[in-house]
Amino acid sequence: MPTFLDDRSPGSTTPRARRQVRRPLRERTPLRVRPRGPKPPGSRKPFASRLRSHVGYQLLVVLLVIAVPLVIVARLHDAPPPIRVLLNDKPMLVSNKTTFGALVRERKLHAVDGRLLDVQGKVLNPHADPGEITLNGDAAKRTLVLHPGDRIVVQDGKDKTEPTVTKRTMLPGRNPGNPQYTLQTGKVQQITTEGKVSGEIVSTRYVTKGASKTPPAVALTFDDGPWPGSTLRILSILEKMHVKATFFVIGNLAARYPDMVRREKRAGMTIANHSWDHPNSPPFDTLPTRRLDNEMSMTNAELHKLGVHPELFRPPGGSVDDKLVAIARQNGLRVVNWDVDPRDWAPDATPASITKAVLSGIRPGSIVDLHDGGGDQSATIKALPDIIRGIRKRGLELVAL
């Protein structure tokens with residue numbers, strides 16, 4: 001049997017047959033094909049793949065961060081610069097394509113109209129002086145494109161009070177003055193200032209023309225009632241001595257003591273208006289117009305309930321001006337003051353001092369200011385009979401206004 005030598009044996013000089021060894025065949029593993037459907041839950045890409053995706057995303061962000069500002073800068077470099085305009089004399093920058101109307105809308109510009117007011121401050125026309133927004137001093141179309149240096153001004157309208165007119169009228173017959181201080185009468189001219197549009201009265205004056213006529217009479221007047229304990233006692237004296245007088249009553253007291261007012265009326269006395277609650281500090285004529293009107297109108301209304309229709313008004317403290325006279329006239333009242341004031345309301349007044357002051361001050365046509373209310377009037381009550389006798393001794397008649 002032949003011997004086979006290993007061909008790797010040293011010293012071998014002749015080729016020898018290579019032993020061929022048959023190896024057993026491996027079982028072939030069938031080819032695996034991945035399904036193309038959705039990945040099963042929990043499956044993840046390999047770490048290297050995910051890392052490449054993350055690096056790519058970061059690179060994209062970096063490129064955008066660099067590129068976007070470059071694009072903006074390029075566009076800004078290419079865009080025209082803003083223009084400078086003046087809005088109410090203040091500089092501001094706007095786009096060179098801004099229109100007049102766009103600026104008005106963006107800045108919410110609005111011009112207020114001026115009003116026409118009457119002489120009392122009420123609005124007659126809310127759009128009498130229209131406000132305007134001008135471009136370079138003129139009205140302009142809202143579509144007009146603005147240019148450098150353009151001047152936009154918002155100009156509000158101005159409130160104006162209606163003009164006034166003065167009317168002069170001679171009153172018929174002979175009349176006392178207004179305000180009235182004495183019983184003198186004459187030809188009187190009424191001078192009224194009123195609103196030209198509204199006709200609202202601003203002031204009224206009365207001027208006596210020519211000679212005056214003075215009657216041989218004196219008027220006794222009593223203020224600040226009706227007053228418990230005083231008014232009825234004074235009424236009793238006047239009735240007993242057959243004297244007619246004038247009572248200037250306070251509205252809120254008339255509402256509180258209506259029976260006393262009715263008693264004055266039954267006695268044939270003149271009942272007049274002395275304001276609602278007698279304000280005298282500050283001076284009555286300095287009060288606002290509405291307050292003055294209320295003081296008169298409220299008292300009128302209260303007296304109307306009692307069947308009294310007053311025609312005369314005495315302001316507290318005698319405070320009066322043309323405006324007050326005009327308001328009184330609108331309430332159907334004539335203003336009456338006095339020329340003899342014995343100050344019977346003073347704490348130190350006595351029956352003797354009151355009588356002396358009246359009799360030394362009267363003359364034909366005098367109006368005497370006494371009080372039946374406002375406090376203790378016992379001194380006036382005691383002085384009244386002597387005052388009446390003293391006036392009559394001078395041959396003067398006692399009359400109501």
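Start with the contacts across the whole chain: among those between residues at least 6 apart in sequence, 69% join residues at least 24 apart. This is a predicted model. Colour the chain by secondary structure to find nine helices and 17 strands. Of the 401 residues, 37% count as buried. Switch on the surface next; its accessible area comes to about 25300 Å², and 55% of that belongs to carbon and sulfur atoms.

Now select residues 351-361, helix α8, together with residues 378-393, helix α9. Their axes come within 8 Å and cross at roughly 35°. The crossing is right-handed. Show side chains here: P351, I354, T355, V358 and L359 in α8 meet a set of α9 residues that includes A379, A383, I387 and I391. Sorted by class, this contact between α8 and α9 has eight nonpolar, three polar and two charged residues.

Which residues touch the most other members of the largest nonpolar core? Select L220, F222, L238, I362, L384, I388 and I391, which do so in a core of 37 residues. Elements giving two or more residues to this core are β11 (217-225), α3 (231-240), β12 (246-249), α8, β16 (367-371) and α9. The largest share, seven residues, comes from α9. In soluble globular proteins, nonpolar side chains tend to be buried together.

Centre the view on I388. Leaving aside neighbours within four places in sequence, I388 is in contact with L220, I237, L238, M241, V243 and L398.

For the last stop, select I83, F100, L103 and L109. They are among the 15 residues of another core, which lies apart from the largest one.

Technical notes. Residues are numbered from 1 along each chain as its sequence is written. This is a predicted model: local features need pLDDT of at least 70, side-chain atom pairs count only at pLDDT 80 or more; totals for chains, interfaces and linings use all residues. Side-chain values use heavy atoms; hydrogens and water are left out. Axes are lines fitted to C-alpha atoms, for helices over the stretch in contact, and angles run from 0 to 180 degrees between N-to-C directions. Helices (H or I, at least four residues) and strands (E, at least two) are DSSP runs, numbered from the N terminus. A crossing is left-handed if the near helix is turned anticlockwise from the far one by less than a right angle, and right-handed if clockwise. Contact means heavy atoms within 4.5 Å. Ala, Val, Leu, Ile, Met, Phe, Trp, Tyr, Cys and Pro count as nonpolar, Asp, Glu, Lys and Arg as charged, and the others, Gly among them, as polar. A nonpolar core is a set of buried Ala, Val, Leu, Ile, Met, Phe, Trp, Tyr and Cys residues joined through side-chain atoms within 4.5 Å. Buried means under 20% relative accessible area, exposed over 50%, partly exposed in between (1.4 Å probe, protein chains only). Accessible areas come from the Shrake-Rupley method with a 1.4 Å probe; for residues, only the protein chains shown count as cover.
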